[in-house]
Amino acid sequence: GFLTVNLASYSPRPNTWAAQRGNQVPEEDKKRRLQQLKDVVQRCSLEQSRRMRGQVMELLIEGPEKRRAGRLRGRLRNGRL
């Protein structure tokens, strides 16, 4: 499966057929659906992480973690951060 996904709610593009249609999905529905997708991705990612627990893996250190001082950031062979 995918390790990461990029998600965004739909926004109409000017001068397109879809933007000119009535019956647009309400913002609340878009937010709810986007959150549901994010929840599924997070559960899948956590499940993959749990399966990897206890394994010794090769890691490429990319540098310091920007948001957490004193920690390093790296990537596994499969691309996982």
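## Exercises on salt bridges

At 38% relative accessibility, Glu-62 is classed as partly exposed. Keep this residue in mind as you work through the exercises, and remember that the model is predicted.

**Exercise 1.** Find which residue forms a salt bridge with Arg-73, and say where the two partners lie.

*Solution.* Start with the partner: Arg-73 pairs with Glu-62, and their closest N and O atoms are 3.2 Å apart. Next, place both in the chain: Arg-73 sits in strand 2 (residues 72-76) and Glu-62 in strand 1 (residues 59-64), so the pair links distant parts of the chain, 11 residues apart. Finally, check the surroundings of Arg-73: its relative accessible area is 34%, so it counts as partly exposed because that value falls between 20% and 50%.

**Exercise 2.** Work out which network Glu-62 belongs to.

*Solution.* Glu-62 also forms a salt bridge with Arg-75, with the closest N and O atoms 2.9 Å apart. Arg-75 is in strand 2 and Glu-62 in strand 1, so this pair ties together parts 13 residues apart in sequence. Through shared partners, salt bridges join Glu-62, Arg-73 and Arg-75 into one network. Arg-75, at 32% relative accessible area, is partly exposed.

**Exercise 3.** Describe the salt bridge between Arg-32 and Asp-29.

*Solution.* First, the distance: the closest N and O atoms are 3.4 Å apart, which is within the 4 Å cut-off. Second, the location: both residues lie in helix 2 (residues 27-52), three residues apart, about one turn of the helix. Third, the exposure: Arg-32 is partly exposed at 42%, and Asp-29 is partly exposed at 24%.

Conventions: Residues numbered from 1 in each chain as written. Predicted model: local features only at pLDDT ≥ 70, side-chain atom pairs only at ≥ 80, totals over all residues. Heavy atoms only, no water. Salt bridge = Lys/Arg side-chain N within 4 Å of Asp/Glu carboxyl O. Helix = DSSP H or I, 4+ residues; strand = E, 2+ residues; numbered from the N terminus. Buried < 20%, exposed > 50% of the residue type's maximum accessible area, 1.4 Å probe, protein only.
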